Amino acid sequence: MRPLTCDFKCRYQTKNSPYRILMPFKEEDISSDPNVKLYHDIIYDEEIKTITDMASKDLSDAEYYSNGKITLLEDRRLGQLKWFSENVNPALFGKLNERIECITDYSTKTAEGYQTVNYGLGGHFSVHVDAFTDGLKLNGNRLVTILFYMTDVPNDGYTVFPNLNYVAHCSKGTALVWLNLYLNNGSINSGTFHGGCPVIKGNKWIMTKGIYEEGQHLTYNWRNNEKITIV
Ligand SMILES: O=C(O)CCC(=O)C(=O)O
Ligand SMILES: [Fe+2]
């Protein structure tokens with residue numbers, strides 16, 4: 001477990017938005033390299049209920065991407081998921097997009113849909129990076145990951161970052177947000193290796209979204225990064 005240190009900081013974050021001055025984000029610094037932050041109470045119970053009710057009706061086994069193939073590999077990833085695009089519920093996902101844009105300062109115009117995952121007993125996701133490791137994608141690589149926790153899993157089901165010596169607890173309403181890439185050249189920050197620890201009691205709901213490089217006014221031109229390398 002990561003010890004508390006003097007460089008561990010939390011704050012009420014307003015981003016100078018008048019609305020957020022009335023209702024600031026509860027922001028907690030986890031790491032500066034890679035940039036990892038926690039946001040408490042960022043997704044609300046009624047939103048979680050709507051999302052998990054919708055997802056529960058149509059879950060399918062989570063697949064795992066390995067060597068250019070997407071397959072079922074239960075020793076690597078065991079869970080069930082449902083992808084949502086914004087137009088399934090524009091009011092709800094539009095609000096979440098706005099919140100994400102406010103906390104990350106990146107646009108969600110070139111982002112993935114929302115991936116909702118349920119892990120039952122033994123559900124887990126082995127250690128991986130979220131960034132693509134094998135070539136350019138249409139909108140570039142996954143620059144930012146936002147991981148919403150939608151249930152409380154008190155003593156297990158953590159998200160573990162072995163290279164940072166950090167575990168995030170699955171606490172309902174909290175989001176963990178991190179930068180997968182270095183901002184000077186777009187290479188993958190190996191500090192972002194992470195996995196979902198097995199669920200031993202109860203079950204775990206999360207939702208993730210990846211924001212792509214395209215359209216983010218980055219200091220480098222991702223289209224020139226023909227080969228993406230893990231550093
Ligand atoms: O389940 C977790 O805590 C991590 C999930 C994850 O890494 C992912 O969906 O990419
Ligand atoms: Fe991940």
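Colleague: Which element gives the most to the shell around ligand 1?

Modeller: In this predicted model, strand β16 does, with three residues. Elements giving two or more residues are β10 (124-128), β15 (194-196) and β16 (204-212).

Colleague: What makes T159 a polar contact of ligand 1?

Modeller: A polar contact is a pair of N or O atoms within 3.5 Å. A polar side-chain atom of T159 lies 2.5 Å from an oxygen atom of ligand 1, so the pair qualifies. K204 qualifies too, at 2.8 Å from a ligand oxygen atom, and so does H194, at 2.9 Å. The protein covers 96% of the 300 Å² of accessible area that ligand 1 has on its own.

Colleague: Where does ligand 1 sit?

Modeller: Ligand 1 sits in the largest pocket. Its surroundings include Y119, F125, L147, G196, I206 and T208. By class, the shell has four nonpolar, five polar and two charged residues.

Colleague: Why are H128, D130 and H194 called donors of the iron ion (ligand 2)?

Modeller: Donors are N, O and S atoms within 2.8 Å of the metal. The atoms here are NE2 of H128, OD of D130 and NE2 of H194, lying 2.1 Å from the iron ion; they therefore meet the cut-off. Along the chain the donors follow the spacing H-x1-D-x63-H.

Colleague: What makes D130 and H194 a pair that ties together parts apart in sequence?

Modeller: D130 lies in the loop between β10 and β11 (142-149), whereas H194 is in strand β15, so the pair links parts 64 residues apart in sequence.

Key:
Residues numbered from 1 in each chain as written. Chains lettered and ligands numbered in written order. Predicted model: local features only at pLDDT ≥ 70, side-chain atom pairs only at ≥ 80, totals over all residues. Heavy atoms only, no water. Near = heavy atom within 4 Å. Polar contact = N/O pair within 3.5 Å; in protein donor to acceptor, adjacent residues only side chain to side chain. Areas by Shrake-Rupley, 256 points an atom, 1.4 Å probe, with all protein chains shown as cover. 1 Å grid on protein atoms, 1.4 Å probe; cavity = no way out; pocket = protein on both sides within 12 Å on 5 of 7 lines; lining within 4 Å. Sits in = over half its atoms within 2 Å of the grid points. Helix = DSSP H or I, 4+ residues; strand = E, 2+ residues; numbered from the N terminus. Nonpolar A, V, L, I, M, F, W, Y, C, P; charged D, E, K, R; others polar. Donors = N, O, S within 2.8 Å, 3.2 Å for Na, K, Ca; no water.
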